[in-house]
Amino acid sequence: MTCLWVPELSEFISLLGKLGLTGLSAAFAAIIVCFALFWFIADRIVPRLAAPGFLATISDSLLGRNLTLAGKMMAVIAVATLLHKSPDFVYKAF
């Protein structure tokens, strides 16, 4: 995610110099703790939550499969839109 805020390599190297070994270690430790907490919640708590019975039948039906496919297609379109760079000629007029 740092690449979103620090696009230039020289700025990134400067950031690494400012953080030092302690800052980098703390950042990686924070990421590890966040992922561990997420997976603990996903593995231990979410399976115990009971979904209503009608949701189980919907997910196995034709409608449920179509809605799942539509959701996946919309996710692909959203990601492709966010990551697609606009052509340069669009901004030349401004």
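In this tour a residue is called buried when its relative accessible area is under 20%, exposed when that area is over 50%, and partly exposed in between, with a 1.4 Å probe and protein chains only. What you have open is a predicted model, in which local features need pLDDT of at least 70 and side-chain atom pairs count only at pLDDT 80 or more, while totals for chains, interfaces and linings use all residues. Residues are numbered from 1 along each chain as its sequence is written, and side-chain values use heavy atoms, with hydrogens and water left out.

Begin with the whole protein, coloured by pLDDT, the predictor's confidence in each residue from 0 to 100: the mean is 80, and 76% of the residues reach 70 or more. A cartoon view shows 5 helices and 0 strands, where helices are DSSP runs of H or I with at least four residues, strands are runs of E with at least two, and both are numbered from the N terminus. Of the 94 residues, 3% count as buried.

Next, select helix 5, residues 88–91, which has the lowest mean pLDDT among the elements, 59, whereas helix 2 has the highest, 89.

Now move to helix 2, residues 9–45, and pick out F38 there. With a relative accessible area of 48%, F38 is partly exposed, and W39 is likewise partly exposed, at 48%.

Show both side chains together: F38 and W39 form an edge-to-face aromatic pair, 5.0 Å centre to centre with 70 degrees between the planes. Rings of Phe, Tyr and Trp (its six-membered ring) pair if their centres lie within 6.5 Å, and planes under 30 degrees apart count as stacked, over 60 as edge-to-face and the rest as tilted.
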